[in-house]
Amino acid sequence: MPAGLPEGAFVAKFVVAVDGPAGSGKSSVSRAAARALGFGYQDTGAAYRALAWHALQQGVDLDDPAAVLASWDTFDYAIGTDPDDSFVRVGGVDVTDAIRTPEVTAAVAHIAKLPDVRAKLVQLFRQVMRMADGQGIITEGRDITTVVAPDAEVRILLTADESVRMARRSAEVTTQSAEETSAALARRDAADAKVVDFMNAADGVTTLDSTDLDFDQTVQAVVDLARSATN
Ligand SMILES: Nc1ncnc2c1ncn2[C@@H]1O[C@H](COP(=O)(O)OP(=O)(O)OP(=O)(O)O)[C@@H](O)[C@H]1O
Ligand SMILES: Nc1ccn([C@@H]2O[C@H](COP(=O)(O)O)[C@@H](O)[C@H]2O)c(=O)n1
């Protein structure tokens, strides 16, 4: 807390916004960079996934926008922003793993395409950024650099060639064949790209292409961008 400010006063955080396509490393790289910087970390995709999980649990018809929007009223969402202690809860239930199943992954596009749902989630993300502990936070998703936090101190489009992203994702998924995993990734990018542009950097956004970088080099590049913005 800077000298002169009363305990609990609002202090603007240093925000690093990261966007990119599926499998580009947004969550793993952002989490590791947050750890290195001593920042908080927010995975916004987790909220889209959690709302999809919640709607599925409630038997909501995902093709009915009004029903999906109505499920928001009972969506009791909590996320941990400590990069060393991440969790996602809905109604007190830990759904950290449940929101990563292929079923939820396939359902989330129905949620993400609805402007009214997106507007509510944008407000939620900004609230999480305001409330998180620490002096800074890395928030990652698809529209963070452009919609959620266009004034962020650092704005990064993290990308990698599609074949590299598919190979990285396939290496971690054991419940599907590499072909199924790659096809699902391409399908999701195609659906998401109709809603928000995360393939082209907006003005002022730095493109970080990790195609030829290993994981540690990519994390270091994010850390360097954040540190150079503070000097
Ligand atoms: N530069 C890199 N070199 C090697 N592997 C990487 C690199 N960056 C990320 N990875 C790996 O790629 C995989 C996908 O990364 P991650 O899940 O963070 O992507 P994402 O962008 O958050 O994906 P999604 O949007 O689908 O959730 C992970 O296994 C991660 O460890
Ligand atoms: N800012 C965001 C974040 C996510 N989405 C949607 O959620 C899906 C899951 O996100 P992951 O980062 O966990 O892969 C994603 O496919 C998008 O449909 C979004 O629209 N905006």
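## Two ligands and a helix pair: worked exercises

An oxygen atom of ligand 1 sits 3.1 Å from a polar backbone atom of Ser 24, a polar contact in the sense of an N or O pair within 3.5 Å. Before we start: this is a predicted model, where local features need pLDDT of at least 70 and side-chain atom pairs count only at pLDDT 80 or more, while totals for chains, interfaces and linings use all residues. Residues are numbered from 1 along each chain as its sequence is written, chains are lettered from A and ligands numbered from 1 in the order in which they are written, and side-chain values use heavy atoms, with hydrogens and water left out.

**Exercise 1.** Describe the surroundings of ligand 1.

Step 1, the contacts. Besides Ser 24, Arg 168 puts a polar side-chain atom 3.3 Å from a nitrogen atom of ligand 1. For Arg 188, a polar side-chain atom is 2.8 Å from a ligand 1 oxygen.

Step 2, burial. On its own, ligand 1 exposes 640 Å², and the protein buries 83% of that (Shrake-Rupley areas, 1.4 Å probe).

Step 3, the shell. There are 19 residues around ligand 1, with Lys 26, Ser 27, Ser 28, Arg 169 and Glu 172 closest; a residue is in if one of its heavy atoms lies within 4 Å.

Step 4, the helices (DSSP runs of H or I, at least four residues). At least two shell residues come from each of α1 (26-37), α7 (162-172) and α9 (215-230). α1 gives the most, with four residues.

Step 5, the classes. Count five nonpolar, seven polar and seven charged residues in this shell; charged means Asp, Glu, Lys and Arg, nonpolar means Ala, Val, Leu, Ile, Met, Phe, Trp, Tyr, Cys and Pro, and the others, including Gly, are polar.

**Exercise 2.** Repeat the job for ligand 2.

Step 1. Of its 14 surrounding residues, Arg 49, Arg 118, Asp 143, Arg 188 and Asp 192 come nearest.

Step 2. Arg 118 has a side-chain N or O atom 2.8 Å from an oxygen of ligand 2. Asp 143 does the job for a ligand nitrogen, at 2.9 Å, and Arg 188 reaches a ligand 2 oxygen at 2.7 Å.

Step 3. Ligand 2 alone exposes 450 Å², of which the protein buries 96%.

Step 4. The shell draws at least two residues from each of α2 (44-57), α4 (102-112) and α8 (178-193), and α2 has the largest share, four residues. By class it holds four nonpolar, three polar and seven charged residues.

**Exercise 3.** At what angle do α2 and α4 pack?

Step 1. The angle is about 100°, with the axes 8 Å apart; axes are lines fitted to C-alpha atoms over the stretch in contact, and angles run from 0 to 180 degrees between N-to-C directions.

Step 2. So α2 is roughly perpendicular to α4, the label for 65 to 115 degrees.

Step 3. Contact residues (heavy atoms within 4.5 Å) include Tyr 48 and Trp 53 of α2 and Glu 103 and Ile 111 of α4. The split is 11 nonpolar, one polar and two charged.

Methods
Polar contact = N/O pair within 3.5 Å; in protein donor to acceptor, adjacent residues only side chain to side chain. Parallel < 35°, antiparallel > 145°, perpendicular 65-115°, else oblique.
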